[in-house]
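Subject: A structure to look at, with notes

Dear colleague,

Here is the structure I promised to pass on to you. Please open it beside this message, so that you can find each residue while you read.

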Amino acid sequence: MKRIYLSSPTMHGDEQRFVAEAFDTNWVAPLGPNVNNFETEMVSYTGCGYAAALSAGTAAIHLGLKLLGVGQGDVVFVSSLTFSASCNPIAYEKAVPVFIDSEPDTWNMSPAALEKAFEKYPHPKAVVVVHLYGTPAKMDEIMRICERHNVPILEDAAESLGSTYDGKHTGTFGRIGVYSFNGNKIITTSGGGMLVSGEEALVQEARILSTQARDPARHYQHSRIGYNYRMSNVIAGIGRGQLMHLEEHLRLKKAIYQRYREAFSDIREISMNPLNPRGDANNWLSCMTIREGCDVTPDQVMDALDAENIESRPIWKPMHLQPVFAGYEFFNHNESGVSVSEDIFARGVCLPSDIKNTDADMDQVIGIVRGLFNR
Ligand SMILES: *Cc1c(COP(=O)(O)O)cnc(C)c1O
C-alpha cells in the first residue's frame, strides 16, 4: 500500500547539479562556494542581513544563545508549544528555561503570559520566540514588550522559512534568527540550519564558534571553546537547489491548507490551525483541532489514517509538560485552569502536508476524516 506522508523531502534535480559541482571541483571538505552562495542567496531571499550556514537548526539556536551571552543560571523565556530543539540548547548552557504559554489566535507565544513572566523575572537574558507550523507570532506585541525590558529576541523560524509578518520575513525580527533545513521542513538539505542577523559581527562570531573558535594565528591557537557546527559544501549544494524551488513549495503548501479548510468548512467540530492576519504563513503543516465536547478524539483520527498507511501526528507536546523539563516554571495565558498550549495539544492533529500528495491522496485523507464525523 502506498504511503501518504506528513512532510517528506521533495527534490527537483537542481540539488544534484550543485552537489555534482562540489564533487567535480573537489570542494567536498567543509566550506567552499556552495556554502558562501547558499548564505548569500538566503540573505537576498529573506533580507536578513547576514547568514552563517550550520550543521543544524539546533546548532544555530545553541550558538545564538551563546552570542546573546546566555550562560549558567541565566533565565531564558521560551515558547512552550514547540519542538524540544527550541529549548534543549538552553539546557546545554545550564541556563534556566521559563516556559511561556500560547495565545489562541496564532498558537504562538502569548504576549499576556510573557508580561506575567516579566513581572516575576524582569531580567531574562533572552526570549526565544517560535513561529509554530509556519504561522507568524504576534511579533509587534512581543517585540514591544521585549524592547521595554531591553531583552533580545532569538527568533526560532525553523518551521517558518518563507512566512512573512507585516511584509517582512520571519527570522529577521529578532536580534538573531534561526532556520532549519531538517528533512521534514519546507526545504531541506537532509540536515542543516542557518543563523541570521542584521549585525555582521554576530554572524562573524557564529562562523568562528562553529569552526572550533580558532584565534587568527597561523598555528592552532584557541582562547575559547569552539564547536564543529559548520555546514559542509556538499550539503549547502542541496540547499541552493532547494531554495530555487521554495516559492513552488510555498504555493503547494498553501493549496494543501486551503483544500483542508474548504473540505472541512461544513463540519463545525473541526477548525484548521489559525493564521495571522498580519502575516502570510508558509503553511508548513496543516493541523486541525476538534471542538471541545466532541466525542471524536485526535487518537481516533490518527488511528483511522494510520490504518490506511497515512502519516499524521499529534501537535507538539508542550515543553512544560515534558518529564525532562518538569520543575521549570510556566506562565499560563489564562488566569487559571488548562493552558492554551495544553488545550491545543489535547485537541489537535497534524494532517498530511506533503507537497507530493496527489489530488487523490488529499481526497482519501479528507474522506477518512469526514467519515469519522459522519459526513
Ligand atoms: C526542526 C526544528 C528545530 C531544529 O532544527 P534541526 O535542524 O532539526 O536541528 C528547532 N525548532 C523548531 C521549532 C523546529 O521545528
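The notes below go through the ligand, one helix and a few single residues in turn.

Please keep in mind from the start that this is a predicted model.

I would begin with the ligand, which has 16 residues around it, and of these Gly-57, Thr-58, Glu-159, Ser-180 and Lys-185 come nearest. If you sort this shell by class, you will find six nonpolar, seven polar and three charged residues, and its largest share, three residues, comes from helix H3, which covers residues 57-67. Several polar atoms of the protein approach the ligand: a polar backbone atom of Gly-57 is 2.8 Å from a ligand oxygen, while a polar side-chain atom of Thr-58 lies 2.5 Å from an oxygen atom of the ligand. On the nitrogen side, an N or O atom in the side chain of Asp-156 is 2.8 Å from a nitrogen atom of the ligand. Taken on its own, the ligand has 380 Å² of accessible area, and the protein covers 94% of this.

Ser-180, one of the residues that come nearest to the ligand, deserves a visit of its own. This serine is in strand E8, residues 176-180, and it counts as buried because its relative accessible area is 7%, where the cut-off for buried is under 20%. Its side chain makes a polar contact of 3.4 Å with the side chain of Lys-185, and a polar atom of that same serine side chain lies 3.1 Å from the backbone nitrogen of Asn-182. Once neighbours within four places in sequence are left aside, the residues in contact with Ser-180 are Gly-57, Ala-158, Lys-185, Ile-187, Gly-192 and Gly-193.

Next, please turn to helix H1, residues 14-24, in which Asp-14, Glu-15, Phe-18, Val-19 and Ala-22 are buried. Why do these residues sit on the same side of H1? They do so because they cover an arc of only 145° around the axis. The buried residues of H1 pack against helix H2 (33-46) and helix H8 (233-243), whereas Gln-16, Phe-23 and Asp-24 are exposed on the other side of H1. Just after this helix, Asn-26 takes a positive phi of about 60°.

That last angle leads to a wider point, which is that most residues other than glycine have a negative phi. Tyr-133 is not a glycine, yet it has a positive phi of about 55°; you will find this tyrosine in the loop between strand E4 (126-130) and helix H6 (139-148), buried at a relative accessible area of 1%. Ala-213 is not a glycine either, and its phi is positive at about 50°. This alanine is found in the loop between helix H7 (200-209) and H8, and at 1% relative accessibility it counts as buried.

Finally, look at Ser-102, which is in the loop between strand E3 (96-100) and helix H5 (111-120). Is Ser-102 buried or exposed? With a relative accessible area of 3%, Ser-102 is buried, and its side chain reaches the backbone oxygen of Trp-107 at 2.8 Å. Not counting residues up to four places away in sequence, Ser-102 touches seven others by name: Leu-81, Trp-107, Asn-108, Ser-110, His-333, Val-340 and Ser-341.

With best wishes

Key:
Residues numbered from 1 in each chain as written. Predicted model: local features only at pLDDT ≥ 70, side-chain atom pairs only at ≥ 80, totals over all residues. Heavy atoms only, no water. Near = heavy atom within 4 Å. Polar contact = N/O pair within 3.5 Å; in protein donor to acceptor, adjacent residues only side chain to side chain. Areas by Shrake-Rupley, 256 points an atom, 1.4 Å probe, with all protein chains shown as cover. Helix = DSSP H or I, 4+ residues; strand = E, 2+ residues; numbered from the N terminus. Nonpolar A, V, L, I, M, F, W, Y, C, P; charged D, E, K, R; others polar. Buried < 20%, exposed > 50% of the residue type's maximum accessible area, 1.4 Å probe, protein only. Arc of directions from axis to C-beta. Contact = heavy atoms within 4.5 Å.
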